[in-house]
Amino acid sequence: MRIAIIDTEIYNKNDRVVTSNECKSDNKTDYTHGDNIAKIIHFEAPESEIISIKALAENNRGNLVDLIEAIEKAIDLKADIINMSLGFTSNSYKGLEDLHKVCIRAYGERRVLVAAYKNGLYKTVKSYPAYFDEVIGVGYDIRHYEGISRNNSNLLFANNTVYIPNVQKNSIRVGSSYLTAYVSGVIASSRLNKYECILEFFTQNIGKNIYFNKYTFDFRKFFYEKKFCYLGDINNLIDIGQVRDFYLRWMQGELIDYKDARVLKKCKNADIIILGMIEEWINSKFVYDIIIWAAIRGKTIIMPFPYINTNERKRMKENYGADIICLYL
């Protein structure tokens, strides 16, 4: 599928990213936001083509004229999904009606529009274009405990943290804009284009089978009388500290150096396989093989970060019935 990212310019490109600079802003571009949005989408939908359309400038600021032009450009470029990790929070903006019209046009041409609500103010502040019926609005409320719920054409998450896939450095970002990118990526990888199917897919499938709500999860009950093995780097003090400070409070287990040639043999008697905090494990064949090995044997897998994307976790759940818990999206 083809995904248009309307954001700051993307600088860290790969062969799946095409840049369109026809929508210009006057100020210096803050490149990091657009790059992170692209990384999330590419991780969730690696086979999709990404079109970068610049409409935001320094400090992620923009205006309605540039946004409207960017959406029109995305339509002309035949984008299947238009990701807008941004929003305007006043209904008095000049041009808001024109913004609605272009969203109606995109929706009428069977484009999927996804946009962010203002951080933490989903219930009290209208964000545009997320508030429009023709747009899937994405927000969060950490006091909301249902995982992922819907309200009209909006998706509400109970968590606001998203992992930025990066083999050089582990990175977590907070906010609706990153959740929006996650939603767009999952839509693309699932090849969905009807709003009702998308909303149902997130609330019933992802929300109940894949999404992990750490605010309501009962660790003590889940770990009761179970044994774990922790695959990590014995030379990484941060990694080792996670075992000591968290998991050993709940159950008995063994720390295993992931470079040990006998790693699978040592994991054999564990009920739960816990993967450590290793940057190079993103999309790693080693980790993929470990997860498959554990899933086939009915073991639970816990990951601090999503070393494999949402659709891979969904497929393993369906094929093997394995619980794959990821602490972050």
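Lys-227 stands opposite Gln-252 in β12. That pair belongs to a parallel match between β11 (residues 227-232) and β12, which runs over six bridges. The model is predicted. This briefing covers an open five-stranded sheet, the pairing around β1, and two cavities of 30 Å³ or more.

**The five-stranded sheet**

- The strand order is β12-β11-β13-β14-β15, and the pairing is parallel.
- β12 (252-257) and β15 (324-326) form the edges; each of them pairs on one side only.
- Neighbouring strands of this sheet are turned against each other by 20 degrees on average, direction ignored.
- Helix α9 (residues 285-296) lies across four strands: β11, β13 (272-275), β14 (300-303) and β15.
- The helix α9 runs at about 165 degrees to β13.

**Strand β1 and its partners**

- β1 spans residues 2-7 and is mostly covered, with five of its six residues buried.
- β1 pairs with β3 (residues 49-54) in the parallel sense, over six bridges.
- Within β3, Lys-54 stands opposite Asp-7.
- β1 also pairs with β4 (residues 81-84), again in the parallel sense, over three bridges.
- Asn-83 in β4 is the bridge partner of Ile-5.

**The largest cavity**

- A search of the whole structure finds two cavities of 30 Å³ or more, and the largest holds about 70 Å³ of space.
- Its lining includes Asn-159, Tyr-182, Ile-206, Ile-210, Tyr-211 and Phe-212.
- Arg-313, Cys-326, Leu-327, Tyr-328 and Leu-329 also line the largest cavity.
- By class, this lining has nine nonpolar residues, one polar and one charged.
- Under that split, Asn-159 is the polar residue and Arg-313 the charged one.

**The second largest cavity**

- About 40 Å³ of space lies in the second largest cavity.
- Among its lining residues are Ile-40, Phe-43, Glu-44, Val-162 and Tyr-163.
- Pro-165, Tyr-182, Pro-306 and Leu-329 also belong to the lining of the second largest cavity.
- α1 (31-44) and β9 (161-163) each supply at least two residues of this lining.
- α1 gives the most, with three residues.
- Eight residues of this lining are nonpolar, none is polar and one is charged.
- The charged residue is Glu-44.
- Tyr-182 and Leu-329 appear in the linings of both the largest and the second largest cavity.

Notes:
Residues numbered from 1 in each chain as written. Predicted model: local features only at pLDDT ≥ 70, side-chain atom pairs only at ≥ 80, totals over all residues. Heavy atoms only, no water. Pairing = 2+ DSSP bridges. Axes fitted to C-alpha atoms, helices over the stretch in contact; angles between N-to-C directions. Contact = heavy atoms within 4.5 Å. Buried < 20%, exposed > 50% of the residue type's maximum accessible area, 1.4 Å probe, protein only. 1 Å grid on protein atoms, 1.4 Å probe; cavity = no way out; pocket = protein on both sides within 12 Å on 5 of 7 lines; lining within 4 Å. Points joined across faces, edges and corners; volume = space filled by probe spheres on them.
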